[in-house]
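Good morning, and thank you for coming. I would like to take you through one structure, part by part. Please have a look at the display before we begin.

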Amino acid sequence: MAYDASNPLAGEFELGRVSSVAPVWIALLRAVVGWWFFHAGVTKLIESGLQFSSGPAYLRGMGDTVLGPLAVWMGTAIPGVIEAVVPLAETLIGLALMLGVLVRLAAFGGAVFMAFFWVGNAAFGHGVVNGDLMGLLLFVTLMVLGAGRYYGLDGVVERLALVENHPRLGYLLG
Amino acid sequence: MTDIIDTVAMTLSSTLLLAGIVVLGVVEILDGVPYGAAPTTNDAGEVIAQPGVDPAIRTGLVLAGLAVLGLWGLYRLAVPATGAERRTAADTTAG
């Protein structure tokens, strides 16, 4: 097979060479990340319902961060929406990842959440590469790998006539 | 055309990410204490040294890199790769 002979680092990227445990590991990773968000969301729902008031307050406190203008606007202009969306979205993102359905869409949502957590928890006592950034990168990784296809429902959904007739939907699935 | 867009998106995204994390991380270390992105404080809690690089710049670069990746994903949603393009990309990267 052809590869870029001028760049010694740009060849031999055959992912088929990885161990056969890789699909299982990707599915496990997806399920664990899903549980992480499901737990965060469902416990908020149990304790606060759709009035998670810490959400808007958190956003309003992000004024001096790189996402400040957007975060402060969200916390000030649409606090009621934030109070409801945070626990609901966390729960649904977690469920979607655990079931492996609409994984890319769900992981995108998770990445947006983690971007706000990473930038908002900006003490960075141990550097900018911290657990929040790792969480953000986990979501991006699940998107890049199309993790819903590994023991997830996206593998079934993408064979439905609706998806086969509208291939673009495949980009929202695993 | 599509290959160029793919290459530019991957290159720009990777460059922004690595600049925010690694390059400016090295700059921060070379700048001296504090070696991380948080200010150094004394026992009284007073800030005695600020990081050499504003963490907002580093986080901004990383988020910009991820945004480029996201925009590329949206582009791919609008203009899906054809079967031939997918095979070419696979051949190119598979060695």
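Let me start with chain B, in which buried residues make up 20% of the 95 residues. I should say at once that this is a predicted model. The secondary structure of chain B comes to three helices and two strands, and from the N terminus on these elements follow the order α-β-β-α-α. As for its contacts, among those with a separation of 6 or more, 55% join residues 24 or more positions apart.

Two prolines of chain B deserve a moment. B:Pro34 sits in the loop between α1 and β1 (40-41) of chain B, and the peptide bond leading from B:Val33 to B:Pro34 is cis, with omega near 0°. B:Pro80 belongs to the loop between α2 (55-78) and α3 (83-94) of chain B. Is B:Pro80 buried or exposed? Neither term fits fully: B:Pro80 counts as partly exposed, because it has 15 C-beta neighbours inside 10 Å, while 20 or more would be needed for a buried residue. Leaving aside residues up to four places away in sequence, B:Pro80 touches A:Pro167 and A:Arg168.

That brings us to chain A. Its average pLDDT is 88, and 90% of the residues score at least 70. Among the elements of chain A, α4(A) has the highest mean pLDDT, at 96, and helix α8, residues 161-165, has the lowest, at 86.

I turn next to helix α5 of chain A, residues 103-120. What span should its 18 residues have? At 1.5 Å a residue, the expected figure is 26 Å, and the end C-alpha atoms are 25 Å apart, so the two agree. This helix is mostly covered, since 13 of its 18 residues are buried.

The same helix leads us to the nonpolar core. The largest such core has 49 residues, and those with the most contacts inside it include A:Leu97, A:Val103, A:Ala107 and A:Phe139. Both chains supply elements that give two or more residues to this core: α1 (22-48), α3 (68-77), α4 (79-99), α5 and α6 (131-145) from chain A, and α1 (2-30) and α2 from chain B. Which element provides the largest share of this core? It is α5(A), with 10 residues. Consider also A:Phe139, which touches A:Ala107, A:Gly110, A:Ala111 and A:Met114, not counting residues up to four places away in sequence. As a general point, an α-helix has 3.6 residues a turn, so residues three or four places apart point the same way.

Finally, three loop residues of chain A. A:Ile78 lies in the loop between α3 and α4 of chain A, and counts as partly exposed because it has 14 C-beta neighbours inside 10 Å. A:Ile78 and A:Pro56 are 22 residues apart in sequence, and their C-alpha atoms are 8.1 Å apart in space.

A:Leu102 is placed in the loop between α4 and α5 of chain A. Its phi is near 50°, a positive value in a residue other than glycine. With 23 C-beta neighbours inside 10 Å, A:Leu102 counts as buried.

A:Tyr151, in the loop between α6 and α7 (154-157) of chain A, also has a positive phi without being glycine, here near 55°. A:Tyr151 counts as partly exposed, because it has 16 C-beta neighbours inside 10 Å.

Thank you for your attention.

Technical notes:
Residues numbered from 1 in each chain as written. Chains lettered and ligands numbered in written order. Predicted model: local features only at pLDDT ≥ 70, side-chain atom pairs only at ≥ 80, totals over all residues. Helix = DSSP H or I, 4+ residues; strand = E, 2+ residues; numbered from the N terminus. Buried ≥ 20, exposed ≤ 12 C-beta atoms within 10 Å, placed from the backbone. Contact = placed C-beta atoms within 7 Å. Expected span 1.5 Å × (residues − 1). Core = buried A, V, L, I, M, F, W, Y, C linked by C-beta atoms within 7 Å. pLDDT = per-residue confidence, 0-100.
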